[in-house]
Amino acid sequence: REGSVRIRLDSLKREGRQLRLDLDTAWAATAAEVALESAPTMLSGDLDLARKGEGIVVTGSLSTSADLPCARCGEAVPTTVTTEVDLTYLSPSAPNSEEVELSSEDLDVGWLEDNQLDVDSVVSEALTLALPSRTLCTDTQACDLRTEALLADATKRVGAQGHLGFADLDKLV
């Protein structure tokens, strides 16, 4: 991807690498936008990348804000997402024909692609996983009124027969 940040395992020095992120960090702002599906209004974060054997450990924290649509009425809701990052990425080993039993710790491991870490994917994934399952308006009464108006408008447009896409289903019965 153009504008992405990729860190090669063999180029990561012993002291590691620190990344400070904000809205002026174009690749990080794009990664946040991918996660939020909306342009971020705030972004801050610090990531520490350290080499550990044949892998890279990423630790730090991320915080971003954006106006996300309410799951009920669609109104923009100011939303802030904050998360701690503690991830391990390893080089894929040669294929092994033996059966391997994974522990719960093994399930938190990501894999380097061509011995490189795609840092913007790390940011995007961490923020995506920290998003609330549903964004809802804080003013429930106003949200209820907007939702009722949307439903009334949709019912008026569709009419008593229901949605035209389902009109032929009556003929099948």
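**Exercise 1. Find which strands helix 2 lies across, and check the length of the helix.**

Step 1. Helix 2 lies across strand 2, strand 3, strand 4 and strand 5, running at about 125 degrees to strand 5. Helices (H or I, at least four residues) and strands (E, at least two) are DSSP runs, numbered from the N terminus. Axes are lines fitted to C-alpha atoms, for helices over the stretch in contact (heavy atoms within 4.5 Å), with angles from 0 to 180 degrees between N-to-C directions.

Before going on, note that this is a predicted model, where local features need pLDDT of at least 70 and side-chain atom pairs count only at pLDDT 80 or more, while totals for chains, interfaces and linings use all residues. Residues are numbered from 1 along each chain as its sequence is written, and side-chain values use heavy atoms, leaving out hydrogens and water.

Step 2. The expected span is 1.5 Å times one less than the number of residues. For the twelve residues of helix 2 that gives 16 Å, which agrees with the 17 Å between its end C-alpha atoms.

**Exercise 2. Trace the sheet from strand 2 to strand 6.**

Step 1. The open sheet has five strands in the order 2-3-4-5-6, with mixed pairing; two strands pair if DSSP finds at least two bridges between them.

Step 2. Look at the edges: strand 2 and strand 6 (109-111) each have a single partner strand, so one side of each has no neighbour in the sheet.

Step 3. Strand 2 and strand 3 run antiparallel, joined by six bridges; here leucine 21 stands opposite glycine 45.

Step 4. Strand 3 and strand 4 are also antiparallel, with eleven bridges, and glycine 45 has leucine 62 as its bridge partner in strand 4. These two strands form a hairpin with two residues between them, and glycine 53 in the turn has a positive phi of about 60 degrees.

Step 5. Strand 5 pairs with strand 6 in the parallel sense over three bridges; one bridge partner pair is threonine 88 and valine 109.

**Exercise 3. Work out which residues have the most contacts inside the largest nonpolar core.**

Step 1. A nonpolar core is a set of buried (under 20% relative accessible area, 1.4 Å probe, protein chains only) Ala, Val, Leu, Ile, Met, Phe, Trp, Tyr and Cys residues joined through side-chain atoms within 4.5 Å.

Step 2. The largest has 30 residues, and Leu47, Leu49, Val58, Leu117 and Val119 have the most contacts inside it. Helix 1 gives the most to this core, with six residues.

Step 3. Take leucine 47: leaving aside neighbours within four places in sequence, its contacts include Leu19, Val58, Val85 and Val123.

Technical notes
Buried < 20%, exposed > 50% of the residue type's maximum accessible area, 1.4 Å probe, protein only.
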